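Open your viewer, load the model and keep the selection box within reach. This tour tells you what to pick next and what you will find there.

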Amino acid sequence: MNLAYAQNKDVKGSVKSSDGTPLQGATVLVKGTTAGTSTNNAGVFSLNMNPTNATLVISHKGYETKEIQLNTSSQNLDITLVSSAPEYIDEVVVTGFGLTQKKESLTSAISTLGSNDIKRSTASTTSGALVGKIPGLNSRQSDGRPGAGTALQIRNMGDPLYVIDGVQKDAGQFNNLDFNDIESVSVLKDASASIYGVRAANGVIVVTTKRGKRNSANTVNLIANYGFQNLSTFPKAADAVTYIENYIQSETVQGIKDYKYSRTDLEKWKAGTEKGYVPFDWYDYIWKTSPQQYYSVNASGGSDNINYYFSAGHMNQESMIVNYGGFKRTNVQMNVDAQISKKLKVGASLNARYENRTNPGVPGGDDYWLPIFATYRNLPTARPFANDNPNYPTLTSTDPGTNFAWLNYDLSGKYTETWRVAQLNFNAEYDIIDGLKAKALVGYYYANQNLNNHEYTYKLYGYDQANDTYPVIFENNNPWRERRMGYNEELTSNFQLAYTKLFDKHNLNVIGGFETIVRNTPTTWVHSIPTANSLNLIDYETMDTYNDDGNRTEGRLGYLARINYDYDSKYLIEVSGRYDGSWKFPPGQRWGFFPSASLGWRASAESFWKDNSILSKINDFKLRASYGLLGDDAVSGYSAFDYLSGYNYKSGGSVIDGKYIIGSQPRGLPVRTLSWIKAKILDIGLDFALINSKLTGSFDYFRRMRTGLPSSRYDILLPSEVGFSLPNENLNSDVHKGVEGMIKWSDRIGELTYSVAANATYSRFYDWNQYKPRFSNSWNVYRNSINERFGYINWGLESAGQFQSWEEIANWKIDNDREGNKTLRPGDIKYVDQNGDSVINGLDERPIGYRQDATPILNFGFNFSFGYKNFDLAFDLTGGGLNSWYQDNEQRNPFHDGGNNAQYYMEDTWRLADIYDANSELLPGKYPMLRIGNTSHSNYWNSDFWKHNVKYIKLRNLEFGYSLPESFLKKASIKRARVYFSGQNLLTLSNVKGVDPEINATSGLVYPTTRIYNFGLNLTF
């Protein structure tokens, strides 16, 4: 016995899942005996035994049992168990506040996207990389300028909260991550977001960046992309001949005899060779094909106690406008974790970036507007330089700023904006006792802005042919020099205790903790009037404005708790709550409690399901429901400290006794009856997997009601003499409701692997209970009520085709233009007389469209992925519908403000066979005949002829790659090499002509989304 005991030793080891997660509660038995133990919360075990010729049997619920043959040297074992559940069920989902759950135990509406799907994009921002890939995520990119993000909303509920590696951030920080550094994105769409309390009413997007794995080889990965951008969809302005012919025709039908363009002029413009009659293409002069580059290198790996991930990336997206600099961004990501002892683990991470935007110093608030506007305001008969002399830019329209010839760094100045940003996080985790651990995170964020803008004085010239001189015909002597310097500084901390216990078939997880956020945003703005264009420095003597905004300190504090329980992975329950406080509101109204609960039932885990020959084909089926209360302290019309009375300093001023005295203005009544908006969210859903999880999917119904929307009481009157009105209160409500779904098929046929997926989200907004609605009659209720009905109803006239002849107009019984039809001609628009009073007016307007300025009610995506041997192909089709675009201004009004219209428009109008003969044959077109100065005509009334209910689909992403054979790479010590072609917005199908279907600008004049052709290389060492 003593000899046998002497041969015993402590055999130690760790048990983890295939993704490196320690497995608590795994059973470790000596085969053929009753001796054994189980792993602790760190997945570690120790067993005193004789290892000679012994076999260990390791088992854990949800994993395949594994046997390990031991020998006398067996000591520190590293054991990995493979999940016995389908991959779909075994997926780990980040559920917020640093917590994770397996998908099988998830009771909430949370969608995830992994790194392989995220990186399949050539977008310059993270939001652009997510479009069409996640159910419940509505998107719209209404502006495509360099560095521009895509508007993302969860179920159309508003701007979401972003959480990056456990720290609450905004859309700017999210968009400017290098998305190749992202491991996963989780979208919290229902009451599960309540764990973030007063900022979570619109849902939460949780980002987890990449980290190295323990005991993994050191790996270096290089990505290089070089591509070309051009305009995906932008309506070209009409060419010179099309414009002139339409102009002449308009003068003809309006009885103008003194033509602006004679017959001889028209022929010369058609020939286009004689000086003074050479057409000019402003589109080609302003827009170009430009490059986009991206380069990145990352390294990762890990030993027994330390794992790391380092990366650096650079994006350079040049502008498609000539002479414009574009957007540059350099990112650095560092994540390091260290196991200090058996109980203590610490980590640190750094996310830093440098951003730069550079343009010429262009007048106006938006430097991109003037060149876009110039594409249409400058006529094709105007040329940029007087006498075509490039030293003398001339006046090309009534707006001197539209001559693109002087919008460059030499003549107009320079605008630069840089951001230097760093987010530094420290975290620690300590195992107190078996199953109980403490976690802490401290984050420091610093973002420094430096904006410099210098707009020069400039001159425009004419040409005096007789004297061969260039006289000044316009001069701007009002220079602009500004500088904005400031920073955003934020300190975040959170602490939590987490308890995990697995006993028999019961699984319990409990967490409790708190979170604090303090933010300061001091900024100064300086303006001066420089004495010369060459003097770039700001002098005290030339400075006329200095504004200091102060720290503008914000503060938030929240306490949270969550309990998860499941029995035998069948019956699931989650209860959570957060007690949150916001600095914005009066002391007695700063705090609120936001609870939520969710239930789930995995019917497929029941014995009756498994034993049924039909039901067993569905290997996973789960019903779930959640309900909770969330908050939103971003209350419109309310600013922090509005609850205080007093005066606003620096409001006007006056000269008193020879001195200028800065004025103060009463703040009005203090707002002490207003607090955050409350949102109650219901979600009912199901998840399923069948045919060995080849087919997976989920469907959800959701409804969010917000109460406490700000409004003031109209039935309590204040005398106008007091100078202010009643403050807002939490009076009104609204509702979002809809459905979403996702379905995916994945399979292998020989050497071909493939997957096909589809997702769609329908989310409709409703105005709900309003404060004491009042109306004078039933028409007023129908036309103006917003009580419990669709929100943002788009009213207008219903068109009924176009008049085809003079005879039809003469016999038309309805007063179509409210002038007895005297202004009508063939091709003009007919309207439906909805109320039968034989006159078209506002009483005939009906709901004809949807909201114009938000993400679509319907978004959908189709995702395809194929792999064959060393080839791979993936592409995403994305689309939307049930939103409206109003065709106006340059896309509708004839010769808008003396400028041009679109080519597609001008060439497809009703026209005369002889543009000089008003009685010549009429040739039909899609649009009414253009008539100068006629924008108030009935043709241009608000109607469904011009208001389009948009439907579109885009080939958003495409990537085709080839991986070089490993045998070829070994000689160069390269693990993997892949070359690929990728593209973005390569094809657009839409029911709106000429314009990008995602834009909001009614004029169509906006920097459109870009079409990108990209070539890339990926090397792994």
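## First stop: a lysine inside

Select K954: its relative accessibility is 1%, so this lysine counts as buried. Please keep in mind throughout that you are looking at a predicted model. K954 belongs to strand β49, which covers residues 947–963.

What does K954 touch, once residues up to four places away in sequence are set aside? Add D876, L877, T878, N985, L987, T988, D996, P997, E998 and T1009 to your selection, and you have the list. Now show the side chains of K954 and T1009, which are joined by a polar contact of 3.4 Å.

## Zoom out: the whole chain

Now bring the full chain into view and switch to a cartoon. It contains 14 helices and 52 strands. Along the principal axes, the C-alpha atoms fill a box of roughly 125 × 75 × 75 Å.

How does the radius of gyration agree with that of a compact globule? For 1021 residues a compact globule would come near 31 Å, and the chain, at 34 Å, agrees with this. If you colour by accessibility, buried residues make up 52% of the 1021 residues. Take the contacts in the chain with a separation of 6 or more: 69% of them are between residues 24 or more positions apart.

## Next: a sheet of three strands

Select residues 9–17, which form strand β1, then add β4 (44–49) and β7 (76–81). These 3 strands make an open sheet in the order β4-β1-β7, with mixed pairing. β4 and β7 stand at the edges with a single partner strand each, so one side of each has no neighbour in the sheet. From one strand to the next, the twist averages 30°.

Follow the two pairings in turn:

- β1 and β7 run parallel and are joined by 6 bridges. To find your place on this side, pick K12, which stands opposite N76 in β7.
- β1 and β4 run antiparallel, and here too 6 bridges join the strands. The pair to pick on this side is G13, which stands opposite F45 in β4.

Stay with β4 for a moment and show its side chains. Which residues are on its covered face, and which on its uncovered one? F45, L47 and M49 are on the covered face, while V44, S46 and N48 are on the uncovered face.

## Then: one face of a helix

Move to residues 263–271, which form helix α7. Colour D265, L266 and W269, which are buried. Looking down the axis of α7, you will see these buried residues fall within an arc of 100°, so they line one face of the helix. As a reminder of the geometry, an α-helix has 3.6 residues a turn, so residues three or four places apart point the same way.

Add residues 240–253 to see part of the cover: this is α6, and it is included in what covers the buried residues of α7. Before you leave, look just past the end of α7 at G272, whose phi is positive, near 65°.

## A buried asparagine in a loop

Select N900 in the loop between β46 (871–886) and α13 (903–906). Is N900 buried or exposed? Its relative accessibility is 1%, so N900 counts as buried.

Leaving out neighbours within four places in sequence, N900 is in contact with A237, A238, Y243, Y376, L379, P380, E890 and M906. Draw a distance from the side chain of N900 to the backbone oxygen of A238, and you should read 2.9 Å. Then try the C-alpha atoms of N900 and A240: they are separated by 9.6 Å, with these positions 660 residues apart along the chain.

## Last stop: two positive phi angles

Finish with two loop residues other than glycine.

- R155 has a positive phi, near 55°. Look for R155 in the loop between β12 (151–154) and β13 (161–164). At 1% relative accessibility, R155 counts as buried.
- S569 also has a positive phi, near 55°. Its loop runs between β30 (554–567) and β31 (571–582). With 12% relative accessibility, S569 counts as buried.

Notes. Residues numbered from 1 in each chain as written. Predicted model: local features only at pLDDT ≥ 70, side-chain atom pairs only at ≥ 80, totals over all residues. Heavy atoms only, no water. Pairing = 2+ DSSP bridges. Helix = DSSP H or I, 4+ residues; strand = E, 2+ residues; numbered from the N terminus. Axes fitted to C-alpha atoms, helices over the stretch in contact; angles between N-to-C directions. Buried < 20%, exposed > 50% of the residue type's maximum accessible area, 1.4 Å probe, protein only. Polar contact = N/O pair within 3.5 Å; in protein donor to acceptor, adjacent residues only side chain to side chain. Contact = heavy atoms within 4.5 Å. Arc of directions from axis to C-beta. Rg over C-alpha atoms; globule rule 2.2 N^0.38 Å.
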